[in-house]
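Student: I would like a close look at a single part of this model. Could you take me through the pocket, and then through one residue?

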Amino acid sequence: ISLDKRFTETELDKIQKEATIDQWYSKCLGYIAYKLRTKKEIWTYLSTKSDLDDKEKNKIISKLLKNNYLNDLEYAKCYLEDCKNKNRGKRYFINHLQSLGVDQTIIYQVLLEFDEEAMLENLIVKYQKEELRLINYPIIIQKHKLTEKMARNGISMDTINRVISNINFSEDLSVSFIKDVEKIKSKTNDVSKQTA
């Protein structure tokens, strides 16, 4: 652009729009730099933070896709690894990706890499250790607590039942019995003090 060049109103408006798009593109790069994002997350980010129209938002998203900063397939693959590491099940994986607008075909394509048997082995090891922390509860309550925890993590009931059947539950109610006796004694002492 030369110093003496004059612009029409339309040209000036176009230059300003391009500058705004470039500015929001840079902001999106910063948003993505924090952690991987899906197309829907970027759309939501632009919708809530900017006053760009849909065409401009699509232009930014297209540029991010073209430059490989956005890739829902890669996002899904990374998220699957995260779920495996945190012992989260298929339902958890599916629900999370659906909430982020990842296409169903991508979700189910990536789910083909989900190894149920490896997850089952990890869960058995993890929850056998967890059972040791619950030994002061009756066995039925131990099973209930472990079942609830696994269900919250999106583990299927079939897998939960397989994990539970592979744990040798035991109970030591003496500690909880002593605590209950102490509570009763404390309440009895409080009542006797009030009546005296």
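Tutor: What follows covers the largest pocket and then one tryptophan, W24. This is a predicted model, in which local features need pLDDT of at least 70 and side-chain atom pairs count only at pLDDT 80 or more, while totals for chains, interfaces and linings use all residues. Residues are numbered from 1 along each chain as its sequence is written, and side-chain values use heavy atoms, with hydrogens and water left out.

A pocket is an open set of points on a 1 Å grid over the protein atoms alone, where a 1.4 Å probe fits, with protein on both sides within 12 Å along at least five of seven lines; lining residues have an atom within 4 Å of a point. The volume is the space filled by probe spheres set on the points, which are joined across faces, edges and corners. For the largest pocket this comes to about 170 Å³. Its lining consists of K14, K17, E18, I21, D53, K55, E56 and K59. Two elements, α1 (9-34) and α3 (54-66), each give two or more residues to that lining, and α1 has the largest share, four residues. Helices here are DSSP runs (H or I, at least four residues), numbered from the N terminus. Seven lining residues are charged (Asp, Glu, Lys or Arg).

Helix α1 also holds W24. W24 is buried, because its relative accessible area is 9% and buried means under 20% (1.4 Å probe, protein chains only). Beyond neighbours within four places in sequence, W24 is in contact (heavy atoms within 4.5 Å) with Y45, L46, K49, S50, L52 and I60. Of these, K49 is 25 residues from W24 in sequence, and their C-alpha atoms are 9.5 Å apart.

Conventions
Buried < 20%, exposed > 50% of the residue type's maximum accessible area, 1.4 Å probe, protein only.
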